[in-house]
Amino acid sequence: MDIAEEDAGGAECGAGDTDGRPEQTEEWEREPLPSDSLRTFGAFVQGLREHAGLSRAELGALVQYSKHTVESVELGRRMADDPFVERAEEALGNTGALRKAAPHVTRGKSGLAAWFRRWARLEREAVSLSTYECRLVPGLLQSEAYARAVFDGTIPLRTDAEMETQLIARMQRQAMMSERPKVPFSFIVEEHVFRRRFGDAEAMRELLDCVLERTAPRNVTLQVVPLEAGLHACLDGPVRILETPAGQWLGYSEGQQNGRLISDRNEVRLLRQRYDTLRSQALSPQESRALLERLRGEL
């Protein structure tokens, strides 16, 4: 489900990166519970660093991250992103070992998608983002009450403090849409998702108002797949696709207690074809807004 993205621990601040900008690990970036593979990868980085005779500060300067980030990676508190891996590889002998090990690093907490944090970082730099959802309202469009209900209904159960951390992280991620008014965001959502009741009528109206408000800007498109549309090309499950500033297309798929970043060109091309086909089968943006407004009026 679209819950793994927001399950995060506390923030940590570094002294700053090499170009003078402050570096901070967001709520959704930090790994709350180090897995064995995170600890192993971190120990591997530390061993290579010490073998090279570098301090954490010196390695940080080479990889363009703060010494605190290097420490977090070495202690398994943070999953190394692609730039860190590539630069550390070059700084520590260019053996290929870090590149080969990085894809096998996963998080240890059950129910968390191992790849979503990498995807979330890619989202913040993407030049376009497309989402198809058939299970629940996409995280970027959820009201706070809806998000709280989703978190409250997940297993394993979470403490009140963990719930609040998740909600804060989700709201932070949603801010990306208003902060990037020139980036096209496309959403295709099944009609039954908006008909699934939670809370009382007021909570449902608040959700629909939230969706209508967040999809109103010119750079955001929402299309609803009506119930009568029948079977279609995206029935294998939710689809997320983005384009990077370098022109690379990437996909992300998520299921029960797992998630996968998709970079294979053929796989991503297939996802794009399916998404484009479904777009032609869904209601137009105007028809979709009219449907949501009608559903709101029926409450």
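This is a short walk through one helix pair, two backbone oddities and the cavities of a predicted model.

Okay, ground rules. Local features here need pLDDT of at least 70, side-chain atom pairs count only at pLDDT 80 or more, and totals for chains, interfaces and linings use all residues. Numbering runs from 1 along each chain as its sequence is written, and side-chain values use heavy atoms, with hydrogens and water left out.

So, helices, meaning DSSP runs of H or I with at least four residues, numbered from the N terminus. Helix 2, residues 56–63, packs on helix 4, residues 82–91, at about 115°, with the axes 9 Å apart. Those axes are lines fitted to C-alpha atoms over the stretch in contact, and angles run from 0 to 180 degrees between N-to-C directions. That's why we call the pair roughly perpendicular, a label covering 65 to 115 degrees.

Who touches whom? From helix 2 we have Leu59, Leu62 and Val63, and they meet Phe84, Arg87, Ala88 and Ala91 of helix 4; contact is heavy atoms within 4.5 Å.

Just past that, Gln64 sits in the loop between helix 2 and helix 3 (67–74). Gln64 isn't glycine, yet its phi is positive, near 65°.

Next oddity: the peptide bond joining Ile155 and Pro156 is cis, with omega about 5°. Look for Pro156 in the loop between helix 7 (144–152) and helix 8 (160–179).

Last, cavities: sets of points on a 1 Å grid over the protein atoms alone where a 1.4 Å probe fits but cannot get out. There are 5 of 30 Å³ or more, volume being the space filled by probe spheres set on the points. The largest is about 60 Å³.

Conventions
On a 1 Å grid over the protein atoms alone, a cavity is a set of points where a 1.4 Å probe fits but cannot get out, and a pocket is an open set with protein on both sides within 12 Å along at least five of seven lines; lining residues have an atom within 4 Å of a point. Helices (H or I, at least four residues) and strands (E, at least two) are DSSP runs, numbered from the N terminus. Angles under 35 degrees count as roughly parallel, over 145 as roughly antiparallel, 65 to 115 as roughly perpendicular and the rest as oblique.
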